[in-house]
Amino acid sequence: MTRRDIFPGMLDMLILKTLSIQSMHGYGIAQHLLRLSRDVIQVEEGSLYPALQRMRQKGWIKAEWRQTPNNQRARYYLITASGRHMLGEQEDGFKELLAAVRRIMNPI
Amino acid sequence: VREWIARLIDWLQRDRLDHELRQELRFHHDQLERAAQADGAPADDARSIARRRLGNLTRVHESARERWSIPWLDQFQQDLRYALRGLRRSPGFAATVVITLGLGIGANAVMFTVVDRLMLRPHAYLRDAGRTHRIYWQWQERGTTTTSMSTEYRRYLDLGKWTTSFSQLAGFSERDLAVGSGESARERRVSVISASYFDFFAARPVLGRFFGTSEDTTPRGADVAVLAHDFWQTEFGGRDVRGERLQVGDVRATIIGVAPPGFAGVNDASPPVLFLPITTFAGSRPSTDALTYFTRYQWGWMHVLVRRKPGVTLAQAQADASQAFRRSWGAARAQEPAIASTALANPRVLVSTLRPGAGPDPSLEARTAIWVAVVASIVLVIACSNVANLFLARVLRRKRETALRLALGVSRHRLLTQWLTESLTLALVGGVAALVIARWAGAALRVSGLEGVSRLLITSDTRSAPFMDWRVPSVTAALAIAAGLVVGLVPAFWSGRGDLARTLRGGVRGGVSEGVRMRAALLVVQTTLSVVLLIGAALFVRSLQSVKAMPLGYDVDRVLLVNRVIRGPVFNDSTHHEMRRILMATAQSLPVVESAAWASSAPFVSTSYTDLFVPGVDSVARLGVFTYQATTADYFRTMGTRIIRGRALSADDRAGTPNVAVVSASMARVLWPRQDALGKCFHMRSDTLPCTTVVGIAEDMVQRDIGGAQRYHYYISVDQSTRTRGNWMLLRLRTDPAREAQNIRQSLQRALPGTSYVTVQPLREVVQSAQQSWRMGATMFLAFGLLALFVAAVGLYGVVAYSVTERKHEWGVCLALGAQRIDILGLVAGQSVRLALAGCALGVLVALSASRWIQPLLFQQSPTDPRVYITISAVLIVIALVAASFPAFRAARADPNGALKAD
């Protein structure tokens, strides 16, 4: 499978979506995206961690240290109420964009 | 914004965040490694796979931590450390700057507090301040426009009835009434207010309730009172006082509630102790006013507060209120045909600011305060230019260091921010010093007897005014920052120029003359401003001297005023006479009392006024205001007023005998020019009433307005007056009235029957408070003028001392070449005198051109008095010489040997 870059801005939406299902640590988020996209979307750690810090400062997500099931300390990220709101907005925007692109690509 | 705050918070804990990120990435790395092992890779391979996957760990770390690094903040921290280090190395410089700026900013903090109190500060609890106004009444009288806040209750009713622009109206007045009974009774400030007054504020009673419209009704409202919070705490210990009775003036009021802390209505300068319904107060007056105040236009004693309806502009409201006033004027004229016609009087209403100090007719005190505030800002300019000078010297001293740093590639921008950090740090410390100084100044002013000003300062930090306390500190901080920027930028811009290479080559003595011109210019500016301030101060001091020296027409120092406050059942004339007789007899039996008299009022307290008709004079009113006082026989002896011709009033001028009067010399002159006033007659109130014959002419007496030019005043016998009963007793004492005042009060109080009450006050105090504005002007101008002089002298000394040190080598060479020490002395002193002369010349010019505006604040003092200008210039030049003499002697002592050996 070829790996593809994602659009700028889309990473935030994907992270928020992931966290809206379950709070996770950075590694977990990367694995989750890789698995669900069937290895198409691989997030660079160099983008993932700055993105997480940015979103934390914007108040969309919170971070806290917890024990993993394997009893290791890891920083977990949780989505906040304003994060959920943001996710909704981004999803709507994304759907609109997708529909528009479709209409252009398949003009019937 | 939120994100930036989060960033700032992260920046503060950046070390912890760094550490956490490192842990997080290690965890990530461990997971990758474990996953690789799970896929079957051997341990070593797994580690390298993980490392490959994670890429450059440092790079990941760096890009994530960018989220909490704020470079300019880091840099600022660095600059701050650098500045503090630099200042610790030169504590003398730091202290001079902090003190100079502290004094300059402190002067402004003091004046801001005063001006804020007088005209800016919003009232505590006031709702919707933008649409709330005070009503100012304006009309033409004898060719001049009169503006007044006071009006009649009837007029207030008219305004409510005949306007549509206002959603709320309230009437109110501040009175000093005897509160309490027996020995504990004291004169206290009481607000008498309409029930609607409370609706203007978002205040809720902390206990009980406020009074409502059903308790505020004509002819007389309910006997209820609402206590102010402070009074409740101090006098009642904060207990449940509902239902308790309290004697307030003539009213035995039931306490129904307590106002919240800090609630003083619109009078926060002298907060009231309680609130009484306005109709209760008016309806309980022991005079006919109690019956007529809501129907007749006779007693102008209250102020009006209004709130504009939403959507009504100020101009519309003003037009609406003015038409109501015109209509009301007509109604008043129907009652009293003697008043001017509506067309002639042209009555108008100004719907304006709540604080009278900022209103259309500000007091002399408020206008003086504005002037002094301007003076304070000039002091700050002087302080800033002085400090800029010091900074410039500092920058020059570091010139080689700076050049070296520039040569090494430090950007000029970076240097600039470093200097600014230094100056701002010092300025902010100066701001803190300013607040301390301002606080201390409040206490000092109280000691100096400027009660009016100090009250304005002191009340700002009592607990009765917990509101808006951020105002003074924030203004102080703003001033400090502005000052810091100015003093930092001036030298920075200057030193930004110049040729690097030359400076570096120049050696220790390179570029001596640089900056001298700039520093001299700053010095001339300082001197100029100091001269202006000192001239102002001298003018005010001389005016205060004239005010004090002005003949008042009576002895200020010997007279004690006694005010009889009648309470209880309304007295008839015979009980009045009886009480007057008892008090008079008691007073005369006291050994310290030389003589005693009754009068309807006292100077500066109030005067009476009525229409006069003089045969042969068309319109007396056009000549001016003629005021009178009803007195008893010994009045002139008691006051120490000379009778120039004729006789004084005597005990034989009683009811039933022909009406007689004593007139002031000015009044005699204006009514009967070039004639003998004795034996002439005039009619009071109406020309059909019996005539009053002039039997004596007294020297002019200042009755109500020190600055006023007209002294038209006359005296009639209390017993022949139908209107006034004489509530003031004047006692001439053999000793200092201030010392005996309380003893006399107690003796008189014991003799009084019932719940009535006397208050005493030395006449001197009354007169002094009338001189308040000149006293304030003189004190503040003088204080700030001396402050400016001091700062300028320090600045001069600094500049001369610096240039002497810089040219030390030169002096040595001069001496070696045969110059006399006296020549060097003259050279250095001459430099500073030249600067001082330039400053004096400029200062005199500026003061002359500003003199026009200060004229109205002065008293019998020309603002262009040459003596003042010459004296001040001479003082300044002497100061300049003294300031220059220390460094000059140092220069003259220069060692020629040392100078020659140095190179």
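Colleague: Let me start with chain B: is Phe201(B) buried or exposed?
Modeller: Keep in mind that this is a predicted model. A residue counts as buried when its relative accessible area is under 20%. Phe201(B) has a relative accessible area of 1%, so the answer is buried.

Colleague: How are the rings of Tyr197(B) and Phe201(B) arranged: stacked, edge-to-face or tilted?
Modeller: A search of the whole structure turns up 27 aromatic pairs over all chains. In the pair of Tyr197(B) and Phe201(B), the ring centres are 5.4 Å apart and the planes stand at 50 degrees. Planes under 30 degrees apart would count as stacked and those over 60 as edge-to-face. The angle of 50 degrees fits neither, so the pair of Tyr197(B) and Phe201(B) is tilted.

Colleague: And what is the relative accessibility of Tyr197(B)?
Modeller: Tyr197(B) belongs to a cluster linked by ring pairs, including Phe198(B), Phe210(B) and Phe263(B). Tyr197(B) counts as buried, and its relative accessibility is 0%.

Colleague: Which ring does the charged end of Arg14(B) sit over?
Modeller: Chain B offers two arginines to look at here: Arg7(B) lies over the face of Trp4(B), 5.0 Å from the ring centre. For Arg14(B), the distance from the charged end to the ring centre is 4.3 Å, and the ring is that of Trp11(B).

Colleague: Over to chain A: in what order do its elements run from the N terminus?
Modeller: Chain A has four helices and three strands. Its C-alpha atoms fill a box of roughly 55 × 35 × 20 Å along the principal axes. From the N terminus on, the order is α-β-α-α-β-β-α.

Colleague: How many residues of helix 2 in chain A are buried?
Modeller: In chain A, 45% of the 108 residues are buried. Helix 2 spans residues 26-36 and is mostly covered. Its buried residues include Tyr27(A), Ile29(A), His32(A) and Leu33(A). Of the eleven residues in the helix, the number buried is eight.

Colleague: Which element of chain B helps to cover those buried residues?
Modeller: Part of the cover comes from chain A itself, including helix 1 (10-21), helix 3 (45-57) and strand 3 (73-79). Chain B is also involved, through its helix 2 (14-38).

Colleague: What phi does Arg38(A) take?
Modeller: Arg38(A) comes just after helix 2 of chain A. Its phi is positive, at about 50 degrees.

Colleague: Is Met105(A) buried or exposed?
Modeller: Met105(A) is found in helix 4 (residues 81-105) of chain A. Together with Leu97(A), Val101(A) and Ile104(A), Met105(A) forms a nonpolar surface patch with about 430 Å² of accessible area. The relative accessible area of Met105(A) is 61%, and the cut-off is over 50%, so Met105(A) is exposed.

Colleague: What share of the accessible surface of chain A comes from carbon and sulfur atoms?
Modeller: Chain A exposes about 6500 Å². Carbon and sulfur atoms supply a share of 54%.

Colleague: One last residue: how does Pro360(B) count by its relative accessibility?
Modeller: Pro360(B) lies in the loop between strand 11 (348-352) and helix 13 (364-397) of chain B. Leaving aside neighbours within four places in sequence, Pro360(B) is in contact with Tyr136(B), Thr147(B), Leu350(B) and Ser352(B). Its relative accessibility is 34%, between the 20% and 50% cut-offs, so Pro360(B) counts as partly exposed.

Definitions and conventions. Residues numbered from 1 in each chain as written. Chains lettered and ligands numbered in written order. Predicted model: local features only at pLDDT ≥ 70, side-chain atom pairs only at ≥ 80, totals over all residues. Heavy atoms only, no water. Phe/Tyr/Trp six-rings, centres within 6.5 Å; stacked < 30°, edge-to-face > 60°. Buried < 20%, exposed > 50% of the residue type's maximum accessible area, 1.4 Å probe, protein only. Lys NZ or Arg CZ within 6 Å of the ring centre and 35° of its normal. Patch = residues over 30% accessible without salt bridge, like charges linked within 9 Å, V, L, I, M, F, W, Y side chains within 5 Å. Areas by Shrake-Rupley, 256 points an atom, 1.4 Å probe, with all protein chains shown as cover. Salt bridge = Lys/Arg side-chain N within 4 Å of Asp/Glu carboxyl O. Helix = DSSP H or I, 4+ residues; strand = E, 2+ residues; numbered from the N terminus. Contact = heavy atoms within 4.5 Å.
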